[in-house]
Amino acid sequence: MKTITVVGGSVAGIRSAEALRRAGFGGRLVLVGDEAHRPYDRPPLSKAFLAGSVDEDAIGLVDDDDEAELALELRLGATASRLDPAGRRVVLADGTEIATDGVVVATGGRARRLPGTEGVEGVHTLRTLDDAVALRRDLRDGSPRVVIVGGGFIGAEVASTCRAMGLTVTVLDGLPLPLAPVLGPRIARSCVDLHAVHGTELRPGTSVSGLATVPSRDGGRRVAGVELGDGTTVAADVVIVGIGIVPNTGWLDGSGLTVDNGVRTDAGMVTDLPNVVAVGDVARWSRGAGARRHEHWTSAGEQAEVAAANLLAGGPGATFRPSGYVWSEQYGRMLQLAGHPSAHDRVEIVDGEVGDGRFVARYLDGEGTTTGVFAMGDPRAFGRFRRSELRRPAAAA
Ligand SMILES: Cc1cc2nc3c(=O)[nH]c(=O)nc-3n(C[C@H](O)[C@H](O)[C@H](O)COP(=O)(O)OP(=O)(O)OC[C@H]3O[C@@H](n4cnc5c(N)ncnc54)[C@H](O)[C@@H]3O)c2cc1C
């Protein structure tokens, strides 16, 4: 291969470029990213960056030296609008064509929005650096009442950051117990309880029917509250919608790749075309009889390693074996999960106390095998138990 084009300039794209070079690719490496910023990391956007304790310089994924070392041709502020059906040409929105031998699809996802909220001042989603800058500005304007729609990891992190800023925060979630589908009821309860302890009002089992708005200073509309399914309204000056993402696949229309809630790949991240791989939040990879997307930072890097190897080999070989590692930071505590527990697995506390907000738990399946390790507030013990309880699967086989 002489040229490889990576489309998407975030963690999956950068990790792919690094993996390709590590695997010995010495040809032309182009990275196309539609954001104008240099590639940056998203996890701090709901945490330290939103709180204002780090700035843009601190969240970069590559600096000038890395870029030079990778011999990376960065095309920032450039949108890929089409991939030709043989995967040999990436066409940009301005009409530029990049002739290529291999393609890495790393276009991630965009924040899902609540219908009817477009253009309403004070309503935010949080996916990009620009989103975080706009939200930070609104949070610092007086002492706004904050309502967060969605009590998943990002919603909970934003709630925690807003509480640390001294703001009044309400979290609305449709589930009776947020996070339970991912963490199971017992561990989800221990996480969700942090809200009350830190003064956030959580309203589980709540449906949102719309927004209450008032005229804004410039003649538009500004949010004044969130209307609920029971006919009541929660007053709000700032609303953050954290209800998941939609994979960015529109540019692949007509490419011949199978797109179905993400780009379909085999277990080695290879798409229908052997010279096109997909990685990160956009990739929906085969897992046994099913297929799934991982929307987590660590798996983007793990997938990149496998995808790079298979792209250079010209077909499947390496298989993605996810570690299942996910972390979140809420109310000054690190939450960490590794492995692949099912929400129905039995949970055993193996260290610390749930009531102290500092513990390690393991998940056990029906046969008594450890399927996952979770920790709150104790990264060292997490590392210890993870090593002893879970065998880290090889990245490639
Ligand atoms: C606020 C926030 C906090 C998070 N915190 C954590 C955490 O604590 N732990 C954790 O495990 N995960 C966390 N995540 C998730 C993690 O950041 C994502 O899993 C990761 O960013 C996925 O990387 P990606 O490169 O696959 O996709 P993305 O990060 O979505 O990047 C894709 C890039 O491709 C660009 N793009 C899209 N279409 C095109 C196109 N046609 N042409 C050119 N460029 C295009 C996009 O603009 C974007 O820059 C967090 C995410 C957010 C938003």
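Reader: Which sign does the phi of G166 have, just after α5?

Author: Positive: G166 comes right after α5 and has a phi of about 85°. Before we go on, this is a predicted model, where local features need pLDDT of at least 70 and side-chain atom pairs count only at pLDDT 80 or more, while totals for chains, interfaces and linings use all residues. Residues are numbered from 1 along each chain as its sequence is written.

Reader: And what makes α5 a helix of the expected span?

Author: Helices here are DSSP runs (H or I, at least four residues; strands are E, at least two), numbered from the N terminus. The expected span is 1.5 Å times one less than the number of residues. α5, residues 153–164, has twelve residues and reaches 17 Å from first C-alpha to last, close to the expected 16 Å. α1 also has twelve residues and reaches 16 Å, close to its expected 16 Å.

Reader: Why is α5 called largely enclosed?

Author: A residue is buried if 20 or more other C-beta atoms lie within 10 Å of its own, exposed if 12 or fewer, and partly exposed in between, with C-beta atoms placed from the backbone. Ten of the twelve residues of α5 pass that test, so the rest of the structure largely encloses α5. Among them are F153, I154, E157 and C162.

Reader: What covers the buried residues of α1?

Author: Start with the count: ten of the twelve residues of α1 are buried, so α1 too is largely enclosed. They include V11, R15, E18 and L20. Their cover includes β1 (3–7), β2, α3 (64–70), β3 (72–76), β7 (102–105) and α7, where contact means C-beta atoms within 7 Å. After α1 comes G24, with a positive phi near 100°.

Reader: How do you know which side of α8 the buried residues are on?

Author: In α8 (residues 379–389), F382, F385 and R386 are buried. They cover an arc of only 105° around the axis, so they sit on the same side of α8; the arc is that of the directions from the helix axis to the C-beta atoms. The pattern makes sense, because an α-helix has 3.6 residues a turn and residues three or four places apart point the same way. On the other side of α8, R380, R387 and S388 are exposed. Covering the buried ones are, among others, β23 (333–339) and β26 (370–376).

Reader: What makes L179 and M269 buried?

Author: Just the neighbour count. L179 has 24 C-beta neighbours inside 10 Å, so L179 counts as buried. M269 has 31 other C-beta atoms within 10 Å, so M269 is buried as well. L179 is not a glycine, yet has a positive phi of about 70°, and lies in the loop between β11 (168–172) and α6 (180–197). M269, also not a glycine, has a positive phi near 70°, and is found in the loop between β18 (263–265) and β19 (276–278).

Reader: How do you know where the ligand's shell lies?

Author: Domain bounds come from an automatic or database assignment. Domain 1 (3–110 + 245–313) and domain 2 (113–241) both give residues to the shell, so it lies between them. A residue counts as near the ligand if its C-beta atom, placed from the backbone, is within 6 Å. 37 residues surround the ligand, and the closest are G8, S10, A12, G108 and G280. α1 (11–22), β2 (28–33), α7 (297–313) and β22 (326–330) each supply at least two residues of that shell.

Conventions: Contact = placed C-beta atoms within 7 Å.
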